[in-house]
Amino acid sequence: MTIRTTTRRALVLVLGLLGSVPGWAVDLPAAAQQWSVPQQQWLVLNRLGYGPSPDSVARIQQLGVSAYIDQQLQPQQLPEARQTRQLLATQPWLDWPAARIMARLYQTGQAAGEGISDPQARQLAVRTATNQQSRQLFMLAQKLRLTEAISSPRQLEARLTEFWFNHFNVFGPLGSIQATLGQYERQVIRPRVLGRFEDLLLATARSPIMLTYLNNEKSSRAYVDARGTAHGLNENYAREVMELHTLGVQGGYTQQDVTALAHVLTGWRQDGLGKYQDTRPDGFLFSAALHDPAPQVVLGQRFDQPGEAQGEAALRMLARHPATAQHLSQQLAEFFLADDPPPALVRRMSQRWLATQGDLREVMTVLISSPEFWQQRGQKFKTPYRYLVSTVRASGIQPSNPAALLAPLNAMGMPLYGRLTPDGYPQDKSAWLNPVGLQTRVNFAQTLARGRYIWHAAELQGATPQPEDQPDPATVSRLIDPLLSPQTLQRIQQAPAAQQMALRLAAPEWLYD
Amino acid sequence: MWNRRYWLRSMAGLVTGTALGWSAPVSAQATRPARLVVIFLRGAVDGLSVVVPHGDADYRQARPGIGLAAPGQPDGVLPLDRQFGLHPALAPLYPLWQQGSLAFVQAVGSPGPSRSHFEAQQFMELGFEPVTALLRQRLGRNEGWLNRWMTDLHRQQPSATALAAGRSLPLILQGPAPVINYDLGRIIQADKAAALVASQNRQQDWFAQLYQNHPELLAAYQNARQGQQRVLSELAEAPAPAMEATMTPALSSTDPRSAAAAQEKQMADHGAAPANGFPATAYQLARLMTQDPGLQVLFTDLGDWDTHIGQGNARRGRLQGNLGALARGLQLLVQGLGEDYARTTVVVMSEFGRTLHENGTGGTDHGHGNVMWLLGGGIRGGSVYGDWPGLGREGLYQQRDLAVTTDYRAVLALLAARQFGLNDAQLQRIFPQPFQPARGLDRLWRG
């Protein structure tokens, strides 16, 4: 990567689109020149976002490809979508610190139980109110995610948020996790997707949701409490953090390393109810009393720091490990480029990772400025989520009810925030190109084309499609046709006019990137 | 290594059997095909809570909080033999044990050391551990052993197909052999099914033309259309199998009309507690299987077995809830199959077992050996098979988990040979990696 100063940036500044913040600049490789300008634009909109939408096409045409990419790498300079701000204006919870959300949830429950004398009835009222509030917050998080992906000008950030959430996956619809899931994505994951990987890793490690999901909050040194109940080690998080979050299953760790790391991380807990003085606003609590202070050896390295510093040092070591650089460069390249990405590219990304101590913006820049990034399309079969979001974008509508989009995702086997296991959803074709999945895409394309996608959602029975849900055929054609082969276009044009939009929205070159 | 003598012996048995007209006596049964139903419990079910070694002092000591009591004690297990008992939540299956068509093989698993769910499931679905480049190259990444099994049945009988009940096609059934993938989690009545078929037939199919030059898309699309047509046509014809009145509650949880069900559906839609949906799936599997003899290999998977926390015991906790749903579903399947049960084998398996010792949070962590469940007309039930390694320190795997003394493939290979008549060469194709032949399973298969 080289930094350019000069004319293009000056031009952009004159246009007043970037403001005065010093920019990030990516040089396009020679390989990009094999495409016409519109082809470059469509390639970038697809690879660094969820495909063309009327807004994003206008933006990239106005800025040019290079400046558009530079902007995408500095999302904080772009506004959030208007629809996002609307959602949050009425429901600000997801921008609160985790501890505040949990405290409010607790108060909501207590308020509902007030004045009920029968303890059982009281408990029920408390639980019902708490669950209801949690479910509402979970629904808000789901709507917000879809709205951001569909409407946000920060398209790369949205895709990276999807990637890193999936990498640090938690299962959403579960008890109290529901309440802080949106907070986890917006405050823990999203601000760090172009930062240093170890900061992201540590933030997830300390998030109440991860501490709950992978049970580390219950892991402690061995002791017996006053009631005679024995407590001790739970190695779930320690294993997954090495297997999935950092080194990879081939990363060369042993069962001893897992156990040692679990000891290191004892005392890392969450305190949702603010019961303890030391609880931080993010809901994290380090309990010295439950921490096992013994020195431990992980991957041959001795960790004898006091208290929380021991875990922090061990996690930083894992984040900077060559196996981690390799594992995550591979995954990023698979996500953005191909199921089987060129090893040379992965090697270069991994080298950059090590040279910059895991600076994710640097690693992404290597990817985007590589010749491999600008090779032909059609190497990546869209996942259901990517298919759905890109298809809604290409339809040009702003869905009147984004919640209705959850049902087709369920039917395609990829419920939003619904991956039970910490490995996250697979991203390769073999996982998603199957009969049921394809049939559901075809069904979705048909109902979307008729302005009736809402009908997919049985739980929204009674909801009626709104006029703004009806896509405009000319828009769909303008956004999708540049990607279609002459043969596909011909087949579409042979079909009755009423079928043509659905055929575009499920065309072969649209199902692949 | 392959035990050639074992295979030759089983082949000899098959040939003799055929010559003697083994399957001749009952005409209805002679025309019914052999069936294999595989139910995969994802997340590693705690086998020591399924077939419980209640008599073992090491077991009681290792599980002070979540251990299950001996038969006859309050909330005790149901007696299987002197050593083992059945989890009380599995009581609906106990009559099958008493009638002799339910058996278990203890200490089963994959010999590999993995304690990763994802890796272990993948290995167990591939039917091998792709340790060598040769194996990877020969089989590709995505061809499951159950698909290879299906390939041979399909060759013998072109109408034979596999059915994966669920929302997507799992690795175990990915591959070249025909597979129908259909979500059976919601009950579809006959009249509704007929209406769906009719409406499909009316539409002209522009999408098939759209995918004409894209073989992968076209194959998936045609498969979906044809599979859907086949399933719906069968359901349109299928009379609802007789159910005992006591079984209807098992289905009510998936009835979209009830209020409790609405909540449950919401959960299931997000992928949670899938075991709750199993009774409905099992009920419909039985409807389809009795109707369509071509459905020879059937698969479904259930989640939520990863009980690191709050595993519970006989009456409380996630495990008993999920086991209860599984048992009710299996009961519905067996009842619904009626006479077809005689030629069906149901296998319940999981990627690995869980730690002998209860962890610090009322649960169990990832372990090694597990128990495999076998139900069917050909199974000589009423016995716990397998070579029990014990729970003493010297018997445990890495001094912490139940050891694996029977390779899961050995049990499956036995069914392939004895029930389906697959030969040595076919078996080597299905399970290309050498594995330890089974010990002590000689009596498992009748006939």
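Which residue in β8(B) is the bridge partner of Val38(B)? It is Phe299(B), and the first of these close-up legends shows the strand around that pairing. Please keep in mind throughout that this is a predicted model.

**Figure 1. Strand β1 of chain B sits between covered faces and pairs with β8(B) and β9(B).**
Welcome to β1(B), which spans residues 35-41 and is mostly covered, with seven of its seven residues buried. Arg35(B), Val37(B), Ile39(B) and Leu41(B) point one way from the strand, while Leu36(B), Val38(B) and Phe40(B) point the other way. The residues of both groups are buried. Strand β9 (residues 344-350) of chain B runs parallel to β1(B), and seven bridges join the two. Within that pairing, Leu41(B) stands opposite Ser350(B). Strand β8 (residues 295-302) of chain B is also parallel to β1(B), joined to it by six bridges. Here you can pick out Val38(B) with its bridge partner Phe299(B).

**Figure 2. Three strands of chain B form an open antiparallel sheet.**
Reading across this sheet, the order is β2-β4-β3. The edge strands are β2 (51-52) and β3 (78-79), each of which pairs on one side only. Between β2(B) and strand β4 (residues 85-86) there are two bridges, and these strands run antiparallel. To find your bearings, look for Val51(B), whose bridge partner in β4(B) is Leu86(B).

**Figure 3. Two residues of chain B that are not glycine have a positive phi.**
The first stop is Asp75(B), where phi is about 55°. Asp75(B) belongs to the loop between α3 (57-62) and β3 of chain B. With a relative accessibility of 37%, Asp75(B) counts as partly exposed. The next stop is Gln399(B), whose phi is near 55°. Gln399(B) is found in the loop between β11 (384-385) and β12 (406-407) of chain B. Its relative accessible area is 49%, so Gln399(B) is partly exposed, as the upper limit of that class is 50%.

**Figure 4. The second largest pocket has residues of chains A and B in its lining.**
This pocket has a volume of about 430 Å³. Its lining is made up of 19 residues, and those closest to the centre are Leu433(A), Asn434(A), Pro435(A), Leu169(B) and Gly175(B). Two elements give two or more residues to the lining: α20 (429-432) of chain A and α10 (215-237) of chain B. Of the elements, α10(B) gives the most, with five residues. By residue class, the lining of the second largest pocket divides into eleven nonpolar, six polar and two charged residues.

**Figure 5. Thr151(B) is a buried residue in a helix of chain B.**
The helix in this view is α7 (residues 145-156), and Thr151(B) lies in it. Why does Thr151(B) count as buried? Its relative accessibility is 15%, which falls under the 20% cut-off, so Thr151(B) belongs to the buried class. Leaving aside neighbours within four places in sequence, Thr151(B) is in contact with Ala177(B) and Arg429(B). For the wider setting, chain B has 16 helices and twelve strands. Buried residues make up 59% of its 447 residues. Among the contacts in chain B with a separation of 6 or more, 76% are between residues 24 or more positions apart. The accessible surface of chain B comes to about 17,400 Å², with 53% of that belonging to carbon and sulfur atoms.

**Figure 6. Leu88(A) is buried in a helix of chain A.**
Moving to chain A, we find Leu88(A) in helix α5 (residues 82-90). Its relative accessible area is 10%, under the 20% cut-off, so Leu88(A) is buried. Beyond its neighbours within four places in sequence, Leu88(A) has contacts with Leu94(A), Asp95(A), Leu144(A) and Arg186(A). Thr324(A) lies 236 residues away along the chain from Leu88(A), and their C-alpha atoms are separated by 36 Å.

**Figure 7. Val193(A) is a buried loop residue of chain A.**
This last view is of the loop between α9 (177-189) and α10 (197-205) of chain A, where Val193(A) lies. Val193(A) is buried, with a relative accessible area of 2%. Not counting residues up to four places away in sequence, Val193(A) touches Glu157(A), Leu160(A), Thr161(A), Trp164(A) and Leu360(A). One of these, Trp164(A), is 29 residues from Val193(A) in sequence and 7.0 Å from it in space, C-alpha to C-alpha.

Methods: Residues numbered from 1 in each chain as written. Chains lettered and ligands numbered in written order. Predicted model: local features only at pLDDT ≥ 70, side-chain atom pairs only at ≥ 80, totals over all residues. Heavy atoms only, no water. Helix = DSSP H or I, 4+ residues; strand = E, 2+ residues; numbered from the N terminus. Buried < 20%, exposed > 50% of the residue type's maximum accessible area, 1.4 Å probe, protein only. Contact = heavy atoms within 4.5 Å. Areas by Shrake-Rupley, 256 points an atom, 1.4 Å probe, with all protein chains shown as cover. Pairing = 2+ DSSP bridges. 1 Å grid on protein atoms, 1.4 Å probe; cavity = no way out; pocket = protein on both sides within 12 Å on 5 of 7 lines; lining within 4 Å. Points joined across faces, edges and corners; volume = space filled by probe spheres on them. Nonpolar A, V, L, I, M, F, W, Y, C, P; charged D, E, K, R; others polar.
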